[in-house]
Amino acid sequence: QGQLVESGGGLVQAGGSLRLSCAASGSILSINAMGWYRQAPGKQRELVAAITSGGRTNYADSVKGRFTISREKNTAYLQMNNLKPEDTAIFYCAASTEPLVPKDSEDYAYWGQGTQVTVSS
């Protein structure tokens, strides 16, 4: 069974930065897209950012200009700058081995366990 392992979450003050990492185990072959989702208490899970194997990226409007997704082979990163209290959530890494670019969360077959990000005001 392949798995994704996230790290880098924590508590930070508003305006601060965090960098999340997501490493895919070797049993997951030929990853195409990798994405970061987040879920705040009482809210639905939402896409934060995604990146394809070709380097194409897309971001949620709420994080554009503040977050940057990057990737080295089967490890994805999410650099988060100028964090705001409303960014507080559990962040999940996701990966897809399908050739098509994922449209929504159901298109990702692999998920990490989640890492908590808390931004204090």
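A salt bridge is a side-chain nitrogen of Lys or Arg within 4 Å of a carboxyl oxygen of Asp or Glu. In this predicted model, Arg38, Glu46, Arg66 and Asp87 are linked in a network of such bridges. The structure holds 4 salt bridges in total. Side chains of opposite charge can pair when their charged atoms come close.

Arginine 38 takes part in two of the contacts described here. Its side chain meets that of glutamate 46 in a salt bridge, at 2.7 Å from N to O. Arginine 38 also forms a salt bridge with aspartate 87, where the closest N and O atoms are 2.9 Å apart. Arginine 38 lies in strand 4 (residues 33-39), whereas aspartate 87 lies in the loop between strand 8 (75-80) and strand 9 (89-96). The pair therefore ties together parts that are 49 residues apart in sequence.

The burial of these residues was examined next. Arginine 38 has a relative accessibility of 7% and counts as buried, because buried means under 20%. Aspartate 87, at 1% relative accessibility, is buried as well. Glutamate 46 reaches 34% and counts as partly exposed. The bridge between arginine 38 and aspartate 87 thus has a buried residue at one end and a buried residue at the other. The bridge between arginine 38 and glutamate 46 joins a buried residue to a partly exposed one.

A further salt bridge involves aspartate 61 and lysine 64. Their closest N and O atoms are 3.1 Å apart. Aspartate 61 is exposed, with a relative accessible area of 65%.

The structure holds 1 disulfide. This bond joins cysteine 22 to cysteine 93, with an S to S distance of 2.0 Å. The angle about the S-S bond is -75°, and the link is left-handed. Cysteine 22 lies in strand 3 (residues 18-24) and cysteine 93 in strand 9, so the pair ties together parts that are 71 residues apart in sequence. Cysteine 22 has 0% relative accessibility and is buried. Cysteine 93 is likewise buried, at 0%.

Strand pairing was then considered. An open sheet of 4 strands has the order 1-3-8-7, and its pairing is antiparallel. Strand 1 (4-7) and strand 7 (67-72) are the edge strands, and each pairs on one side only. From one strand to the next, the twist averages 15°.

Strand 7 and strand 8 pair in the antiparallel sense over 6 bridges. Within this pair, serine 70 has tyrosine 77 of strand 8 as its bridge partner. Threonine 68 stands opposite glutamine 79, also in strand 8. The two strands form a hairpin with 2 residues between them. In the turn, lysine 73 has a positive phi of about 55°.

In a regular strand the side chains alternate between the two faces of the sheet. Strand 7 shows such an alternation. Phe67, Ile69 and Arg71 point to one face and are buried. Thr68, Ser70 and Glu72 point to the other face and are not buried. Threonine 68 and serine 70, whose partners in strand 8 are glutamine 79 and tyrosine 77, thus belong to the face that is not buried.

Pockets were also examined. The largest pocket has a volume of about 150 Å³. Its lining comprises 14 residues, and those closest to its centre are Leu47, Ala50, Asn58, Val101 and Pro102. Strand 4, strand 5 (46-51) and strand 6 (57-59) are the elements that give two or more residues to the lining. The largest share, 3 residues, comes from strand 5.

The loop between strand 4 and strand 5 contains arginine 45. Arginine 45 is partly exposed, with a relative accessible area of 35%. Arginine 45 and serine 105 are 60 residues apart in sequence, and their C-alpha atoms are 8.6 Å apart in space.

Terms used. Residues are numbered from 1 along each chain as its sequence is written. This is a predicted model: local features need pLDDT of at least 70, side-chain atom pairs count only at pLDDT 80 or more; totals for chains, interfaces and linings use all residues. Side-chain values use heavy atoms; hydrogens and water are left out. Buried means under 20% relative accessible area, exposed over 50%, partly exposed in between (1.4 Å probe, protein chains only). Two strands pair if DSSP finds at least two bridges between them. Axes are lines fitted to C-alpha atoms, for helices over the stretch in contact, and angles run from 0 to 180 degrees between N-to-C directions. A disulfide is a pair of cysteine sulfur atoms within 2.5 Å. On a 1 Å grid over the protein atoms alone, a cavity is a set of points where a 1.4 Å probe fits but cannot get out, and a pocket is an open set with protein on both sides within 12 Å along at least five of seven lines; lining residues have an atom within 4 Å of a point. Grid points are joined across faces, edges and corners, and a volume is the space filled by probe spheres set on the points.
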